[in-house]
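Please find below my notes on this model, set out as numbered points. They deal with internal spaces, open pockets and a few individual residues.

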Amino acid sequence: MTVDYGQFDRGRGLNYWQYDPVLQHEVERTYGGDRGWAEERFDEFGDIVGSIVAEHSDSIDEHGPELRRYDRFGDAVNEVEYHPHQLESERLVYGSGAVADSFRAPPEQDAPAPMLHHLTMDYLLAYADVGLTCPVAMTAGVALVLERFADGSDADSSGADGPLSETFDRLTTREYDDLLQGAMFLTERQGGSDVGATETIAERVEDGSGWELSGEKWFCSNVDSGAILTLARRPDAPAGTDGLSLFLVPETTHDNEENEYTIRRLKDKLGTVSVPTGEVEFGGTEANLVGEIDSGFRYMSEMLNLERIANAFASCGLMGRALLESKVRAANREAFGKSIDQYPLMRRDLVEMAVAHEAATAFTFDAGRAFDRYQQGDEDAFGLMRLLVPIAKSRTGRMAVDVASYAMEIHGGNGYVNDFVTHRLLRDAQVLPIWEGTSNILSLDVLRSMARENAHEPALALIRDRLDGVEHDELTDLVVTTRDELGGLQEALGAVATEGDDYAQHHAKELAEYVFDVYTAALLLSEADGELAAGNDRKALVARQFVTDSLGETSARGITSGETLPSDAFEKIVRFA
């Protein structure tokens, strides 16, 4: 199909599934199970997000959640109040199965959908509101932890049959009035990303029936959640992460009273206005132990992996929206007698943005599939998941900021004012490199995954297999370039493994980005080879642009090369001709 973006005046009021062929392709490539049913679900959800949630998100950005400390009689209430549009958006999103479908068999299905289903819905939701993807992803994360670990021998719960079963049921319901939303409170003032520095204390109540928490958490998104996972340390526990236990803070106590903790204030944030983020103080707050008492950090790491890959899917969705708005604006804005998307410079800009979005989405879906396979019990997928997830989160978060920033520039001065969505997209994008670990933290995690789990080995093997499988001659030069860079990557891996910790840390970010570039080049070339076999050369053009930009070496910065691929391939890459 050829998309005429000039028929639209903005990127709102559209079905985001139907106008994102890149997403459709990646779902076709990676989704297991009944894809036909899933695609119908995504089509319905893409329409809801594009036609209702996107409009609501613009008004919520102007009228965000507010903390109400006292009622009209002066009694402390400590409640967060929301604009009605936010409540309607939540009802639509959760009611569409954004969380439930991956934990309960959807209507007319025999089993729950894969976790990739939830992540794809996160991607579509991010077209409208990255802020709302946060509570949706955390609700899924809490449900995942309870499903996997709540039956530990030292727990106050026994999985589906224990006291936390009602919490799990309410996290995964499609009925909004019964829903409990989830949250993860980790950050403390003195620790930040150093979770081992946690000072929140957990003490057993005198009759031994439960636990009480005391301490503060500094950066708590979805702050009024009814199912909070948090880490705390028993008074006799060792220092560091080994001494942390995982607790669920319920909405109500065991005797059905409202569980008490204080929301000190809501943060005045740059973006993601729709998700209230606050500072919380626990003071004798009732909590339930989750799983074994000494495994808290390991359990929380499972949720953290989901939140990180969900962050990457949200980054790709936001890039998709920024790109859509840019295509629409460039097709409608006239300068010097013709629309600006007719000029070579703008064509190059749009092609580069489109290729960045496509590369990020392909890599992220591979990471999501590895995560999904691991969650379904495929231990062979663990190493690949450990490497790809932090790289996906780190790289796509930064790419989202860059793409959103250029979308603002394409709109000119209009893009800088709040009347245009590019203003919000850029503000929202700025949190994506920060949530669930900055690029420094994630790059160090990549080093750990390679040192402890040899996580690079399955990735290198997959790169080789994909390059070996490319058959079409028109891709041969790109395969040679990528294979050469694979050799360079292996040399880099050897260097960080032998030159000492300080040297490895110094180059950790470059190494993570190197893995992304080489892995994505091989992935796009493999996809292009399959598309060429079907008579479609669009993906080959995308692969050529990505390899040229990311791995190619040119003299005189390419100016003397005679290369004009962005202009030549504009119609196919940008408009899907």
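The points below begin with how the model was treated and then move from the enclosed spaces to the surface.

1. This is a predicted model, in which local features need pLDDT of at least 70 and side-chain atom pairs count only at pLDDT 80 or more, whereas totals for chains, interfaces and linings use all residues. Residues are numbered from 1 along each chain as its sequence is written, and side-chain values use heavy atoms, with hydrogens and water left out.

2. On enclosed space, a search of the whole structure finds four cavities of 30 Å³ or more. Here a cavity is a set of points, on a 1 Å grid over the protein atoms alone, where a 1.4 Å probe fits but cannot get out, and lining residues are those with an atom within 4 Å of a point. Grid points are joined across faces, edges and corners, and a volume is the space filled by probe spheres set on the points.

3. The largest cavity has a volume of about 120 Å³, and of the 15 residues in its lining, Tyr19, Tyr127, Leu323, Lys327 and Phe576 lie nearest its centre. Two or more lining residues come from each of helix H1 (21-30), helix H7 (296-332) and helix H8 (344-375), with H7 giving the most, namely four residues. Helices (H or I, at least four residues) and strands (E, at least two) are DSSP runs, numbered from the N terminus. By class the lining of the largest cavity has nine nonpolar, two polar and four charged residues, where Ala, Val, Leu, Ile, Met, Phe, Trp, Tyr, Cys and Pro count as nonpolar, Asp, Glu, Lys and Arg as charged, and the others, Gly among them, as polar.

4. The second largest cavity, with a volume of about 80 Å³, is lined by residues that include Thr133, Cys134, Ala310, Asn311, Trp435 and Glu436. Helix H5 (130-149) and H7 each supply at least two residues of this lining, which by class has six nonpolar, two polar and two charged residues.

5. Turning to open space, a pocket is an open set of grid points with protein on both sides within 12 Å along at least five of seven lines. The largest pocket has a volume of about 1,300 Å³, and 43 residues line the largest pocket, the closest to its centre being Val195, Leu304, Arg308, Glu436 and Gly437. H5, strand S5 (211-221), H7, H9 and helix H11 (439-453) each give two or more residues to the lining of the largest pocket, and the largest share, eight residues, comes from H7. This lining divides into 18 nonpolar, 13 polar and 12 charged residues. Glu436 thus appears both in the lining of the second largest cavity and among the residues closest to the centre of the largest pocket.

6. The second largest pocket holds about 950 Å³ of space, and of its 37 lining residues the closest to its centre are Asn78, Asp224, Ser225, Glu258 and Tyr261. Strand S1 (66-70), strand S2 (76-81), helix H3 (84-95), strand S7 (244-250) and strand S8 (261-266) each give two or more residues to the lining of the second largest pocket. The largest share of that lining, five residues, comes from S2, and the residues divide into 17 nonpolar, 10 polar and 10 charged.

7. Glu260 is found in the loop between S7 and S8 and is exposed, with a relative accessible area of 61%. On this scale, buried means under 20% relative accessible area, exposed over 50%, and partly exposed in between (1.4 Å probe, protein chains only). Glu260 and Lys327 are 67 residues apart in sequence and 49 Å apart in space, C-alpha to C-alpha.

8. Which backbone angles deserve a second look? Phi of Glu108 is near 70°, a positive value in a residue other than glycine, and phi of Thr272 is near 45°, likewise a positive value in a residue other than glycine. Glu108 lies in the loop between H3 and helix H4 (115-126) and counts as exposed because its relative accessibility is 79%. Thr272, in the loop between S8 and strand S9 (277-289), counts as buried because its relative accessibility is 3%.
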